[in-house]
Amino acid sequence: MTAASGSAGTRPERPSKAKRNLALLGAAIVVVLCALTVDVDPAELARLPVGVGLVFHEMFLKSGPEWSYLPDALRYMVESLQIAWLGTVLGAIISLPLGFFGARNVSSGLVSNVMRQVLNAIRAFPEVVLAIAIMIPIAGLGPVAGMLAIGLHSVGTLGKLTAEVIEGIDPGPVEAARATGARPLQVQRWGVLPQVLPEVIAFWLYRFEINIRASAILGVVGAGGIGFSLQQALSFNRFERAGIIIIVVIGVTILVDTVSGWVRRRIIEGAEARTDAAGAEALGAEGAAS
Amino acid sequence: MTAVTSPAGHRPARPRPSLAVPIGLVAFAALTWLSASEQFGIGFDLGDIIADIDNGAEIIAQLLSPNWEFLPRTFERMLETFQMAVLASFIGCAVALPVAFLASRVTAPNLPTFLLDRTVLSVVRAIPDILYAMVFVAAVGIGPLAGILALVFFNIGVVAKLLSETVDGVDTGPIEAARASGANRLQTVRWSVLPQVFPNYIAYSLYTFELNIRASTVIGIVGAGGIGVLLQTQYRFLAWSNVSVIIVELFAFVLLIEMLSIWLRRRLV
């Protein structure tokens, strides 16, 4: 590190790190301030390993998870999956046309700007807020409210991603379709849709994976699924039951992720390979996570 | 479809229709029908929803007239949300860094470590943030500590996954160069891999910070601190005009954080 003092005059000067160091210092100050002021008792922190260890012991080790509850846990998990699936289907159907309106290259500048803002606004509300504020009043307590909340939130995220994919298309096929005298809708159908469909379907599946996690949340506010049963088990101190529920959540989620991931890869590999954008896409898709 | 009978011999043959498309469509239709059905699924009926759409009218009318006098009472919990998000992002991202390097084939020291780390990571990712929050509330009691712990696990899952995928895609040239100069494994990672992925790491960290602010609504509902606690109590009291104050405030706060984060990302990365 001290090699900078090397005698060779041809050595280029080190770039200044002042800006970076300043940013790091600022971040460090914020973190320390938060750590000092947050409402966490040091005694609480000291009890932490014991508390976590105890719960883990009660859940999985003491008498083992409550295997007799397995069928019920699976039933609730299936309900969560169904909520997530229907919510994703709803979101996908509504977001596809909205994505076209939101893409600058196939819609007009004004329309796409307005549509982007609408999608951003929808996306800003977490599913649980949508469920409490809109869907439970309309549909009543139960899984249908959860499905509608997930669907609406998915419209925001999927619409944005669809618009971005459409903005990245090759204009050649669009021009070709136009040159053959296709009407505007036909241009979209034959010039744009085939180019974006594989990626968009992959996003739908990815969104489904995220929505499975989201549907677990909705049970807590009374919108159906596995979240409710876990909350019940924990509030009655039925830790061995909570243990089996967690096992089911992990097992089923990993299983569905694996199948869905395989299908996604299968769909994308049939399309143009876009490996260089993978990181950015993963970020975008994770952005859908909330 | 009968165009195959066209006389021109030079027309290329239609590609054989793949079975994957019909199978996919049938699977899609079956899953959707089963999920929506009264008997096997959640009993979704679009007609019912449309018939009941004005059921919520009264509540929504109350939501549309926010009680702004409630606003000052939300600041303390909002600050708690911010503190939780900062601490959880910091701890989560710090832990995620080594976890990500062990979860990439490029940097993992050996196959067993790689597979073990991958397995742990997929288990961590399979549990939703709210389940972590419920379990930690059961373990350490209600309050921000449970929330911070829940968010830490959530962050490790997100950052380690994204970062390990970035590490998978690094240029291997600098790695060879470092090895050739006699660097050990840790030095190779520090001087060849980290500089390549560092901008992404910062971007992912800022991004999880945003996610944490959003997630804190959710985890507060089970008592794990932050603005969600207030949302839950007002919701329980059916104080809809207070609920809408929290929703609007949260919306503004998330927007602010997002703008700040975009600005920072542009400056730093």
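A:Asn237 sits in the loop that joins helix 9 to helix 10 (239-270) of chain A. In this predicted model, A:Asn237 is not a glycine, yet its phi is positive, about 55°. For context, most residues other than glycine have a negative phi. As for its surroundings, A:Asn237 has 11 C-beta neighbours inside 10 Å and therefore counts as exposed.

Chain B offers a residue to set beside it. B:Leu238 belongs to the loop between helix 10 (227-236) and helix 11 of chain B. Its phi is positive too, near 60°, and B:Leu238 is likewise a residue other than glycine. B:Leu238 is exposed, because 10 other C-beta atoms lie within 10 Å.

I turn next to chain A as a whole. Its secondary structure amounts to 11 helices and zero strands, so that the order from the N terminus reads α-α-α-α-α-α-α-α-α-α-α. The chain has 290 residues, of which 43% count as buried. Among contacts in chain A with a separation of 6 or more, 74% join residues 24 or more positions apart.

A word on confidence in chain A. The average pLDDT is 83, and 90% of the residues score at least 70. Helix 3 (residues 70-102) of chain A has the highest confidence, with a mean of 92, whereas helix 11 (residues 278-287) of chain A has the lowest, at 44. Over residues 271-290 of chain A the pLDDT stays under 50. For that stretch the model has 29 contacts beyond four places in sequence.

How many residues does each chain bring to the contact between them? Chain A supplies 58 residues and chain B supplies 56. On the chain B side, the elements giving two or more residues include helix 1 (20-36), helix 4 (75-102), helix 7 (144-168) and helix 9 (185-220) of chain B. That side, sorted by class, has 40 nonpolar, 12 polar and four charged residues.

One helix pair across the two chains deserves a closer look. Helix 9 (residues 226-235) of chain A packs with helix 6 (residues 129-140) of chain B at an angle of about 5°, and the axes are 11 Å apart. Because angles under 35 degrees count as roughly parallel, helix 9 of chain A and helix 6 of chain B are roughly parallel to each other. Chain A contributes A:Gly227, A:Leu230, A:Gln231 and A:Leu234 to this contact, and they meet B:Ile130, B:Leu131, B:Met134 and B:Ala138 of chain B. By class, this helix contact has six nonpolar, two polar and no charged residues.

What of the nonpolar interior? The largest nonpolar core has 154 residues, and those with the most contacts inside it are A:Ala131, B:Ala133, B:Phe136 and B:Ala150. Helix 7 of chain B gives the most to this core, namely 16 residues. Leaving aside residues up to four places away in sequence, B:Ala150 touches B:Asp129, B:Tyr132, B:Ala133, B:Phe136, B:Ile219 and B:Ala224.

I close with a residue outside that core. Is B:Glu76, which lies in helix 4 of chain B, buried or exposed? B:Glu76 is exposed, because 11 other C-beta atoms lie within 10 Å. Its C-alpha atom is separated by 38 Å from that of B:Glu165, a residue 89 residues apart from B:Glu76 along the chain.

Key. Residues are numbered from 1 along each chain as its sequence is written. Chains are lettered from A and ligands numbered from 1 in the order in which they are written. This is a predicted model: local features need pLDDT of at least 70, side-chain atom pairs count only at pLDDT 80 or more; totals for chains, interfaces and linings use all residues. Axes are lines fitted to C-alpha atoms, for helices over the stretch in contact, and angles run from 0 to 180 degrees between N-to-C directions. Helices (H or I, at least four residues) and strands (E, at least two) are DSSP runs, numbered from the N terminus. Angles under 35 degrees count as roughly parallel, over 145 as roughly antiparallel, 65 to 115 as roughly perpendicular and the rest as oblique. Two residues are in contact if their C-beta atoms, placed from the backbone, lie within 7 Å. Ala, Val, Leu, Ile, Met, Phe, Trp, Tyr, Cys and Pro count as nonpolar, Asp, Glu, Lys and Arg as charged, and the others, Gly among them, as polar. A nonpolar core is a set of buried Ala, Val, Leu, Ile, Met, Phe, Trp, Tyr and Cys residues joined through C-beta atoms within 7 Å. A residue is buried if 20 or more other C-beta atoms lie within 10 Å of its own, exposed if 12 or fewer, and partly exposed in between; C-beta atoms are placed from the backbone. pLDDT is the predictor's confidence in each residue, from 0 to 100.
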